[in-house]
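Reader: I should be grateful for a close look at the surroundings of the ligand in this model. Please then relate that part to the other regions that merit description.

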Amino acid sequence: MSPLKRIYHKDAYDTGLPVGSYWEAVTPAPERDPVCEGDIETDVAVIGAGFTGLSAALHLAQDFGFAPVVLDSAQVGWGASGRNAGFNCMGGGKISDAAYAKRWGEADLAEFYGAQVRATEVVAELIDAQGLDVDAQPRGEWLMAHRPQDYAHFREEAAFLERISGVRSEIIPPEALRDHGVNGAGFHGAMWSDVGFCLNPRKYVFGLADALRRAGGRIFGDSTVERIERLSDGRFALHTAQGRVVAEKLVLAGNGYNSENLPDWMAGRYTPVVSHIMVTEPMGDNVLADQGWRVNQMSCDTRKMLHYFRLLPDGRMLFGMRGTPNLGPRDRWRMPNAVRADFDAMFPAWRGVRTAYHWSGLICVARNLVPYVGPIGDWEGAFTAMAFHGNGVSMASYSGKVLAGMVAGRPYQEPLPDAMRAEPRRYPIAPMRRFGLPAAFKWYGWQDR
Ligand SMILES: Cc1cc2nc3c(=O)[nH]c(=O)nc-3n(C[C@H](O)[C@H](O)[C@H](O)COP(=O)(O)OP(=O)(O)OC[C@H]3O[C@@H](n4cnc5c(N)ncnc54)[C@H](O)[C@@H]3O)c2cc1C
């Protein structure tokens, strides 16, 4: 039995269960990485082969000459990084602008927006520099108003976004949605912002791993780190079932797949939240026209209980949402119908279109609703980044780069607001925090009315 303490049903962490994602079907896995065996010494060990861990390792290898060893419980991209919706968008926090400014000030809020824009650019730079083919789709993000009052705020929001981040937006009135190819039931207008793009996340994460291997890093799969020991000389010994990695520096990049006791500092400082995705069968131009949807850019609605959707390169629609407080057999049985019901309500013309794939994964939220990038408590030489609040394609890649600078002791000239440096506080009654999720979902749902 795993010595790791986790707060969700064991199925959520079972690397033997099929994920069942569309990305697996269109992007087959490369050769498996070997299991970590015996004693290995290195300058930096990284736990987690997702965007955070791989970006940190790649930047450490390329920019600072480290020889990183990356360990994952499964294989590259098994966590959220290989199964997300592929939106390389702004985001990373869930806090309102007003609450952020009140707590950390206007200047820090501007820095946070700066980090979000840079995060989308860092992804583009990585893709470019490594020559990755990630099926990138056209630039831009659509925000669909689900109530007239949300539409009424768009003009003000667009002006604010441009002022604080330089990102330009356009407002589309409800009667012009079909002409713009973004028609759905219950949309009361849209805001298009000139930032980010969609990609195939599995191609992107595999591309980062390949780049790391080329830069001299090593990746071990099926190698859960069960314990981190602090040696008397200050180094870290990472114990797996069959091996031990001794490293001078440590990066922990487990995000929603973290544990309460790896290390104990982590207990209660993060909350995994389940996100679900369905993908339809391919639709021809006529079926797409029935609904009046033709754009293939990132799209989401204004709900707090967010829906996110995109048209895939092969004419399928991807549609995602949150909504279960666990990931056991009951949730996996219940959610496909719940997701389908919301999809049908939003896109009624596609009721007859079959669901071809459905899968789920864990994102990560923090009590202060902003990501964290920084040290692990008072452990000198150990760092982590987490809590991207469902927006980690850009923010995890970016945070990995920032982590690399911290590990090397040579910080990059990239924005890192105070809010993202603040050590995540523990949730009150932390062992029970998962049980608060249904009430939180209800509260958000009520606010969305
Ligand atoms: C369904 C879904 C849709 C999403 N859609 C989007 C989107 O469109 N855009 C966006 O920006 N973000 C999206 N996200 C969020 C985004 O995918 C994550 O924020 C991001 O992938 C986090 O990357 P990471 O590397 O920090 O963590 P992960 O990719 O989750 O990787 C963590 C890894 O750590 C490993 N691990 C944990 N503990 C150990 C251990 N003890 N030993 C060894 N290995 C360990 C796990 O096996 C895992 O592979 C989505 C997430 C989900 C689940």
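**The shell around the ligand**

Author: In this predicted model, the residues of the shell around the ligand comprise 21 nonpolar, 20 polar and two charged. The shell holds 43 residues in total, and the closest to the ligand are Gly48, Gly50, Gly79, Gly361 and Gly392. Four elements each contribute at least two residues to this shell: the helices α2 (51–64) and α9 (392–408), and the strands β12 (271–280) and β16 (355–365). Of the elements, α9 gives the most, with four residues.

The loop between α9 and α10 (418–421) contains Pro415. Why is Pro415 classed as partly exposed? The class follows because 19 other C-beta atoms lie within 10 Å of Pro415, whereas a buried residue requires 20 or more. Leaving aside neighbours within four places in sequence, Pro415 is in contact with Glu111, Gly114, Ala115 and Arg118. The C-alpha atom of Pro415 is separated by 25 Å from that of Ala45, a residue 370 places away along the chain.

Ala45 leads to the largest nonpolar core, which has 131 residues; Ala45, Leu54, Leu71, Ala190, Val251 and Leu403 touch the most other members. For Ala190, the contacts beyond four places in sequence are Trp142, Leu143, Met144, Ala145, Ile172, Leu177 and Val182.

Leu71 also appears among the contacts of Val225, together with Ile47, Leu238, His239, Thr240 and Leu262, when residues up to four places away in sequence are not counted. Val225 is found in the loop between β8 (218–220) and β9 (227–230). Val225 is buried because 27 other C-beta atoms lie within 10 Å. Its C-alpha atom is separated by 5.5 Å from that of His239, although the two residues are 14 apart along the chain.

A further element to consider is helix α5, which spans residues 148–165 and thus has 18 residues. From its first C-alpha to its last, α5 reaches 26 Å, close to the 26 Å expected at 1.5 Å a residue. The helix nevertheless bends by about 40° at Phe154. Phe154 is buried, as are Tyr151 and Leu161 in α5. An α-helix has 3.6 residues a turn, so residues three or four places apart point the same way. The buried residues of α5 pack against β5 (169–172) and β6 (190–193). Just after α5, Gly166 takes a positive phi of about 80°.

Notes:
Residues are numbered from 1 along each chain as its sequence is written. This is a predicted model: local features need pLDDT of at least 70, side-chain atom pairs count only at pLDDT 80 or more; totals for chains, interfaces and linings use all residues. A nonpolar core is a set of buried Ala, Val, Leu, Ile, Met, Phe, Trp, Tyr and Cys residues joined through C-beta atoms within 7 Å. A residue is buried if 20 or more other C-beta atoms lie within 10 Å of its own, exposed if 12 or fewer, and partly exposed in between; C-beta atoms are placed from the backbone. Two residues are in contact if their C-beta atoms, placed from the backbone, lie within 7 Å. A residue is near a molecule or strand if its C-beta atom, placed from the backbone, lies within 6 Å of it. Ala, Val, Leu, Ile, Met, Phe, Trp, Tyr, Cys and Pro count as nonpolar, Asp, Glu, Lys and Arg as charged, and the others, Gly among them, as polar. The expected span of a helix is 1.5 Å times one less than its number of residues. The bend at a residue is the angle between axes fitted to the seven residues ending there and the seven starting there.
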